[in-house]
There are 2 protein chains.
Amino acid sequence: MDHSDGAGSGPSRPVTIYDVAREAGVATSTASRALSNPGRVSERTRAHVEEVARRLGYRPNRIAQALPSGRTRMLGLVVPDIANPHNARLIRGAEAQAAAAGYTLVIADSQEQPELEAAHVERLAPFVDGFVLSSRVDDAGLHGLRDRRPVVLFNRTLPELPSVCVDFDDSGRQVVEHLTSLGHRTVAYLRGPATSWADATRRAALAAHCRRHGVALTLLGPFPPTLEAGAAAADAALATDATAVIAFNDLLAIGVLQRLEHRGVAVPGALSVVGGDDIFGATFCRPPLTTLASPADQAGRTLVDMLNGRIDATEVVLPAPLVARDSTGPRRS
Amino acid sequence: MDHSDGAGSGPSRPVTIYDVAREAGVATSTASRALSNPGRVSERTRAHVEEVARRLGYRPNRIAQALPSGRTRMLGLVVPDIANPHNARLIRGAEAQAAAAGYTLVIADSQEQPELEAAHVERLAPFVDGFVLSSRVDDAGLHGLRDRRPVVLFNRTLPELPSVCVDFDDSGRQVVEHLTSLGHRTVAYLRGPATSWADATRRAALAAHCRRHGVALTLLGPFPPTLEAGAAAADAALATDATAVIAFNDLLAIGVLQRLEHRGVAVPGALSVVGGDDIFGATFCRPPLTTLASPADQAGRTLVDMLNGRIDATEVVLPAPLVARDSTGPRRS
DNA sequence: TTGAAAGCGCTAACAG
DNA sequence: CTGTTAGCGCTTTCAA
């Protein structure tokens, strides 16, 4: 099928606003106003220009629009691991809200590497109006970026930067109380990446609540937050006298579960295991994982709203209720 | 034109190539050449301009660069479900190869909705030099897009469009032979989305191989390719006399496994289950899932190479070997 | 209400 | 090898 308009004369160039203006018999500025700034032009003209534009199949060149204004109506979202279902929820939430506001969300995966994250941000920056970051970059790097583009942070706080975080303190309390109610007095925390603000915060909250409840807390790691790292993490935990372990996230926790099964350690009989974000898999691993229901989708929506200035709060904290499944149980006697 | 910088008055505008040229005492075109077209300028000048650019902190305005050339060095990748770990592998592969070629990959999630996919493509098109699509859009829609931007397809073929597909025929053969070798003679296929080319192709391959081996094949569905849909799919399968079921993908297969356990149906004792893409979760669901090792990461790399013209093959077919785990076993007697 | 014209920052002819 | 200049397509003053 031939969609060209100039009777078979070469590949037809895209229709510009000049074509529309000429065809409609008005100035380009009038055409521009009619199309994108209705109200500053007579109704008759507007309708006419619009009709012509439609007839010609005119599509504004977004790049050209962006050049003078500097605005592209695109938002960047960088996650540390796109294979982690937890981030999929963040993405879904952010994307829905971005679309609702007429923005396009572009997603990038930093694979837990701060350098890769920085590279992505560097590349995307010229094309986006702002960033949602689930970041592994250090504070200085984040501050540097802020001068270029507006930034909002997921699960991380930094002075001057808006953020949405899980309530690590309260969820830490829930976990510790859950474990103490089951009789546990010796607990190990399996750390996530050293560059993770969430890990540091979670760890601190856990430490505080353990102290308050007279629970001994052992810190193990850091470990990569992956299924594979679960083996080493499980072995490390078994080398302590902990009767329960809390993992940085579900990926690590499920990996731990696999290793424990492999080593013949009963869960929760011999060891209780707690995860961190209630991902896909937490319901069907063996045993189903006790974890925290991280509200990543809502976080995504809220972050985009903040970036667009539709919410002017600067530090939003979202609850992450404990979901008790079968990987935790009474302390072995 | 006023390109002055006005010594310290107000928020410093970004430094442009004009600033660099003036500071270096050369023409803008010389500065441009020195920076982006080395070789057509004297070594001395090049070095000098580069030094000045660095000192001033010059960063080319990508939007401005893209306006005349129409090229942004960005590639779009749209997947039907970003929460499906299978797609995460596709993304990883594509991203790595894009980065290696100096491209930025922007990712979008169509949530299995053709309309949403079309909307994403529409929005991204002005900003990307081409698309990798794991598409649910119909053939006509795809052809329309092709006139706008280069497109390559994952797990779908269409005349005139380059594609990378899993070898559905051979993987179908492997599955059928695996099941017949276990004594199965009555098999059900749990369909995926009606808009999925992969589903249609897989189904056809399965049908052909079943016929060849004298196996009765029942088609059930279509079902959404989700964990949740697994319940209905399992129930439908149990209502037939099939002794083995093949699911469109692992998400659905794992959902089936959950439902079967819930209903007290032994796997593989009473029913064997086969998945489709070997995702995260396939190793630790109960029982571990027999499935096909879909080479999504390699597909991602190859697709990007095709888009960049680094590979000029037009239809690449990748093998997806059967991975036999514990969800398949001898037919119940 | 409409038109003319000046840029947005960069690249690419075309001269010199 | 380097400088001058004309756009890329659009928005936006500034006049009329």
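**Group meeting talk: two DNA strands and a pocket**

Let me open with one serine: Ser196(B) counts as buried, at 3% relative accessibility, where buried means under 20% relative accessible area, exposed over 50%, and partly exposed in between, using a 1.4 Å probe and protein chains only. Ser196(B) sits in the loop between β6 (186-190) and α9 (197-212) of chain B; helices (H or I, at least four residues) and strands (E, at least two) are DSSP runs, numbered from the N terminus. A polar atom of the Ser196(B) side chain lies 3.0 Å from the backbone nitrogen of Asp199(B). For polar contacts, I take a pair of N or O atoms within 3.5 Å; within protein, one must be able to donate a hydrogen and the other to accept it, and residues adjacent in sequence count only if both atoms are side-chain atoms.

Some housekeeping, friends. This is a predicted model, where local features need pLDDT of at least 70 and side-chain atom pairs count only at pLDDT 80 or more, while totals for chains, interfaces and linings use all residues. Residues are numbered from 1 along each chain as its sequence is written, chains are lettered from A and ligands numbered from 1 in the order in which they are written, and side-chain values use heavy atoms, with hydrogens and water left out.

Now to another serine. Is Ser36(B) buried or exposed? Ser36(B) is exposed, with a relative accessible area of 52%, and belongs to helix α2 of chain B. From there to Pro330(B) is 294 residues in sequence and 65 Å in space, C-alpha to C-alpha.

On to the DNA. Strand C is surrounded by 26 residues, the closest being Thr30(A), Thr45(A), Ile17(B), Tyr18(B) and Tyr58(B); a residue is near a strand if one of its heavy atoms lies within 4 Å of it. Tyr58(B) places a polar side-chain atom 2.7 Å from a phosphate oxygen of strand C. Two base nitrogens come up as well: one is 3.1 Å from a polar side-chain atom of Ser29(A), and one is 3.4 Å from a backbone N or O atom of Ala64(B). Which helix gives the most to this surface? That is α2(B), with four residues. By type, the surface near strand C has 12 nonpolar, 11 polar and three charged residues. Here Ala, Val, Leu, Ile, Met, Phe, Trp, Tyr, Cys and Pro count as nonpolar, Asp, Glu, Lys and Arg as charged, and the others, Gly among them, as polar.

Strand D has 24 residues around it, with Ile17(A), Tyr18(A), Tyr58(A), Thr30(B) and Thr45(B) the closest. A polar side-chain atom of Tyr18(A) is 2.5 Å from a base nitrogen of strand D, and one of Arg33(B) is 2.9 Å from a base nitrogen of that strand. At the backbone, a polar atom of Asn61(A) is 3.1 Å from a phosphate oxygen. For strand D, α2(A) supplies the largest share of the surface, four residues.

Last stop: domains. Chain A is divided into domain 1 (17-60), domain 2 (73-165) and domain 3 (168-296 + 318-323), with bounds from an automatic or database domain assignment. How far apart are the C-alpha centres of domain 1 and domain 3 of chain A? They lie 61 Å apart.

Thanks, everyone!
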